[in-house]
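Q: Hey, can you walk me through this one? I'm new to reading structures.
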Amino acid sequence: MNAQLVPAESPQPDRRQFIGGSDVAAVLGISPWTTPLQLWERKTRPVLEQGGDRKPVFKRGHRWESVVAEMLVERLEANDHKVEIVGKNKRYEDPRRNYLAAEIDFELRLDDEREITNVELKTVHPFKASEWGAEDTDASPVWYTAQAMHGLGITGRTRCLVAPLFGADEIRTYPIVRDDETIEAMRARCDAFWQLVQ
């Protein structure tokens with residue numbers, strides 16, 4: 001679908017220049033951490049006024065990503081899947097909207113399929129497990145589902161696995177399948193939000 005899609009090269013992007021996967025839930029008004037107004041302020045304030053943007057819990061989660069990825073691969077292989085790792089932490093820009101981007105935590109090719117599967121890795125406190133539905137369903141929290149759908153829209157792929165690690169040893173998978181109607185509705189909201197930022 002997006003044959004010309006190439007990962008963005010900037011290792012430390014200026015997050016004021018685009019709406020990323022972690023921003024989408026705020027744009028939609030469903031983020032438990034950030035309101036649309038707070039996100040608008042982050043996108044419009046000079047970078048020097050913003051200070052430390054990421055909370056310690058998010059930094060910790062980012063550090064744990066390689067551990068969660070390793071545990072996910074082990075779990076998939078134990079369930080008789082062939083797993084090929086094709087990418088880690090690549091940032092993609094939308095080919096039609098330069099203000100939409102997504103960093104995909106992990107990219108896998110499963111069972112020699114032609115298509116690559118996006119993976120969103122999460123670390124979750126065990127007390128938050130009740131926010132998640134039955135494993136191997138799409139019942140991840142709506143803010144993570146929105147992030148996954150945003151990434152599918154940008155990469156043109158059809159499937160994402162949201163893979164949370166609960167505590168230190170319980171990893172689950174939640175498959176999210178591309179829904180074009182949902183993606184277009186999300187993009188319309190992103191378009192309107194970006195006009196306010198501009």
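Q: How do helix 2 and helix 6 cross?
A: The axes of helix 2 (residues 36-44) and helix 6 come within 10 Å and cross at roughly 50°. Axes are lines fitted to C-alpha atoms, for helices over the stretch in contact, with angles from 0 to 180 degrees between N-to-C directions. Helices are DSSP runs (H or I, at least four residues), numbered from the N terminus.

Q: Is this model predicted, and what should I know about it?
A: It's a predicted model: local features need pLDDT of at least 70, side-chain atom pairs count only at pLDDT 80 or more, and totals for chains, interfaces and linings use all residues. Residues are numbered from 1 along each chain as its sequence is written, and side-chain values use heavy atoms, leaving out hydrogens and water.

Q: Back to the pair: which residues meet?
A: From helix 2, Pro-36, Leu-39, Trp-40, Lys-43 and Thr-44 meet Phe-193, Trp-194, Leu-196 and Val-197 of helix 6 (contact means heavy atoms within 4.5 Å).

Q: OK, new topic. Which residues have the most contacts inside the largest nonpolar core?
A: Ile-19, Trp-132 and Val-162, in a core of 32 residues. A nonpolar core is a set of buried Ala, Val, Leu, Ile, Met, Phe, Trp, Tyr and Cys residues joined through side-chain atoms within 4.5 Å; buried means under 20% relative accessible area (1.4 Å probe, protein chains only).

Q: Which element gives the largest share?
A: Helix 5, with seven residues.

Q: And what lies apart from that core?
A: Another core, of 16 residues, including Val-68 and Leu-161.

Q: What does Trp-132 touch?
A: Among others, Tyr-144, Val-162 and Phe-166.

Methods. Buried < 20%, exposed > 50% of the residue type's maximum accessible area, 1.4 Å probe, protein only. Helix = DSSP H or I, 4+ residues; strand = E, 2+ residues; numbered from the N terminus. Lists of a residue's contacts leave out its neighbours within four places in sequence.
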